[in-house]
Amino acid sequence: MASADHVRLGRAQGFMQVCHGKAAPLRRLRPGDRVAYYSPSSQFGGKDKRQAFTALGRVLERPPYAFEMGGGFVPFRRDVAWQEACEAPIQPLLDRLEFSRGQKSWGHLLRFGLFEISAQDMNLIAQAMGVAAGG
């Protein structure tokens with residue numbers, strides 16, 4: 001989960017960051033794993049309700065690495081091959097996604113930053129974003 005402006009930066013530069021730059025979650029990923037970003041808002045700290053999947057890609061070989069962003073902030077990143085994809089609002093998918101089906105507080109799970117979802121859910125997200133299943 002990240003604001004759409006942060007996701008846009010990562011897509012443009014070919015990386016992902018999660019959980020305020022922590023390395024441990026990125027180490028759980030393996031090359032070839034598919035990742036999808038959900039953006040609750042357009043800008044970091046924004047009050048708008050974007051509530052959409054905003055990026056889809058595959059994790060590359062390079063292990064997590066530290067990146068100096070300035071001001072003493074050195075988050076860890078992981079390289080990703082981002083796919084051409086359209087944004088997909090989450091609302092029409094909530095009753096079809098396994099991780100959210102029947103959950104009134106579905107947004108709570110997304111706050112963990114990085115969690116595993118089923119291949120079926122990933123395929124559904126990819127399809128909603130205009131990407132072939134398994135792509």
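Let me begin with a term: a residue is called exposed when its relative accessible area is over 50%. By that cut-off His-20 is exposed, because its relative accessible area is 71%. I should say at once that what we are looking at is a predicted model, and I will come back to His-20 after a look at the whole chain.

The protein chain holds four helices and six strands, and if you follow the sequence from its start, these elements come in the pattern α-β-α-β-β-β-β-β-α-α. The radius of gyration is 14 Å, close to the 14 Å that the globule rule gives for 135 residues, so the chain is as compact as a globular protein of that length. If you prefer to think in terms of a box, the C-alpha trace spans about 40 × 35 × 25 Å along its principal axes.

Turning to how the chain packs, 40% of the 135 residues count as buried. Taking contacts between residues at least 6 apart in sequence, 62% of them join residues at least 24 apart.

As for the surface, the protein chain exposes about 7700 Å², and carbon and sulfur atoms supply 53% of that area. The chain carries 18 positive and 12 negative side chains, and the centres of these two sets lie 4 Å apart.

Now to the stretch I mentioned at the start, which is the loop between β1, residues 15-16, and α2, residues 24-27; Cys-19 has its place there, and His-20 is in that loop as well. What is the sign of phi in Cys-19, a residue other than glycine? Phi of Cys-19 is positive, near 50 degrees, and His-20, also a residue other than glycine, has a positive phi near 60 degrees. On accessibility, Cys-19 counts as partly exposed because its value of 22% falls between the buried cut-off, under 20%, and the exposed one, over 50%. His-20, to repeat, is exposed at 71%.

Since there are cysteines here, some of you will want to ask about cross-links: how many disulfides does a search of the whole structure find? The search finds zero, where a disulfide would be a pair of cysteine sulfur atoms within 2.5 Å. Cys-86 counts as exposed because its relative accessibility is 52%, and the cut-off is over 50%.

To close, the points I would keep in view are the two positive phi values, near 50 degrees at Cys-19 and near 60 degrees at His-20, in the loop between β1 and α2.

Technical notes. Residues numbered from 1 in each chain as written. Predicted model: local features only at pLDDT ≥ 70, side-chain atom pairs only at ≥ 80, totals over all residues. Heavy atoms only, no water. Buried < 20%, exposed > 50% of the residue type's maximum accessible area, 1.4 Å probe, protein only. Rg over C-alpha atoms; globule rule 2.2 N^0.38 Å. Contact = heavy atoms within 4.5 Å. Areas by Shrake-Rupley, 256 points an atom, 1.4 Å probe, with all protein chains shown as cover. Lys, Arg positive; Asp, Glu negative; His and termini not counted. Charge placed at Lys NZ, Arg CZ, Asp CG, Glu CD.
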